[in-house]
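This briefing covers aromatic ring pairs and the surroundings of one polar residue. Please keep the sequence and the model in view while reading.

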Amino acid sequence: PLDLDLGKTTVANLTLRSSAESTETIKVESRGNTVDTGSTKTSTTYNSEFIEGLPIIGHNYQDILTLAPGVTDTDGDGNPNVHGARETGLQYRLDGGNITDPVSGTFGQNLNQDIIEEIEVITAGASAEYGRADGGFANIITKSGGNDFEGKLSIYWQGKFLNGDGANNNDINRYDNTFPSYHDIRPTLSLGGAIMRDHLWYFASLEALDTQV
């Protein structure tokens, strides 16, 4: 309160503050648990942003699986081994469904990487919903679109003109020496958006393969 006396001059010093000083800011942060005490599984997860930035030569999702600890593909056939188990011990699941080839026990189909939202590689301690595998599980989740329209056009190309000598023992060098016209072109178009905002969405992707050896 400021007291004003009759017939007297009262001096009051006022300090003006900027809006930044007078505005209260509340910052809320959400962080996951460092250790998930409710699960016994050992897994590694890769999201679409990480996958898109990977310099994968063959542009095959199987190469991503080998980035997980304990997963290797020494013969390079696209069927990784988990902790020394047979290559038939890795089960491939797409949106919850088993897509492992029932005859060979290896990966059942190639997938366009642009449709992948997330890949989880489970190498140990899988829960009861998983079974029929003695190595591990590759759980692949596809994109589902959203309220905002998004599109992507990309072209992946391989050929002898961009391939160096290297160790002179990789597949592309072999094709260069034996098949001078070798090339691999993969144009991909992806579209996603909303059919009914906040209720129904769509996502579609088309990939064309043109490989010549």
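**Aromatic pairs and a buried glutamine**

One aromatic cluster is formed by Tyr61, Tyr92 and Phe107. The model is predicted. Across the whole structure, a search finds four aromatic pairs; two of them are described below, followed by glutamine 62.

**Tyrosine 46 and phenylalanine 50**
- The ring centres of tyrosine 46 and phenylalanine 50 are 5.2 Å apart and the planes meet at 20 degrees, so this pair is stacked, the limit for stacking being under 30 degrees.
- Tyrosine 46 has 7% relative accessibility and therefore counts as buried.
- Phenylalanine 50 counts as partly exposed, because its relative accessibility is 38%.

**Tyrosine 92 and phenylalanine 107**
- The rings of tyrosine 92 and phenylalanine 107 have centres 6.4 Å apart and planes at 70 degrees, so they form an edge-to-face pair; that class requires over 60 degrees.
- This pair links distant parts of the chain, with the two positions 15 residues apart in numbering.
- Tyrosine 92 belongs to strand 4 (residues 90-94), while phenylalanine 107 sits in the loop between strand 5 (97-98) and strand 6 (116-124).
- The relative accessible area of tyrosine 92 is 0%, so the residue is buried.

**Glutamine 62**
- Glutamine 62 is part of helix 3 (residues 62-65).
- With 3% relative accessibility, glutamine 62 counts as buried, since the cut-off is under 20%.
- Leaving aside residues up to four places away in sequence, glutamine 62 touches Gly78, Pro80, Phe107 and Asn110.
- Phe107 is thus named twice: as a contact of glutamine 62 and as a member of the aromatic cluster.

Terms used
Residues numbered from 1 in each chain as written. Predicted model: local features only at pLDDT ≥ 70, side-chain atom pairs only at ≥ 80, totals over all residues. Heavy atoms only, no water. Phe/Tyr/Trp six-rings, centres within 6.5 Å; stacked < 30°, edge-to-face > 60°. Buried < 20%, exposed > 50% of the residue type's maximum accessible area, 1.4 Å probe, protein only. Helix = DSSP H or I, 4+ residues; strand = E, 2+ residues; numbered from the N terminus. Contact = heavy atoms within 4.5 Å.
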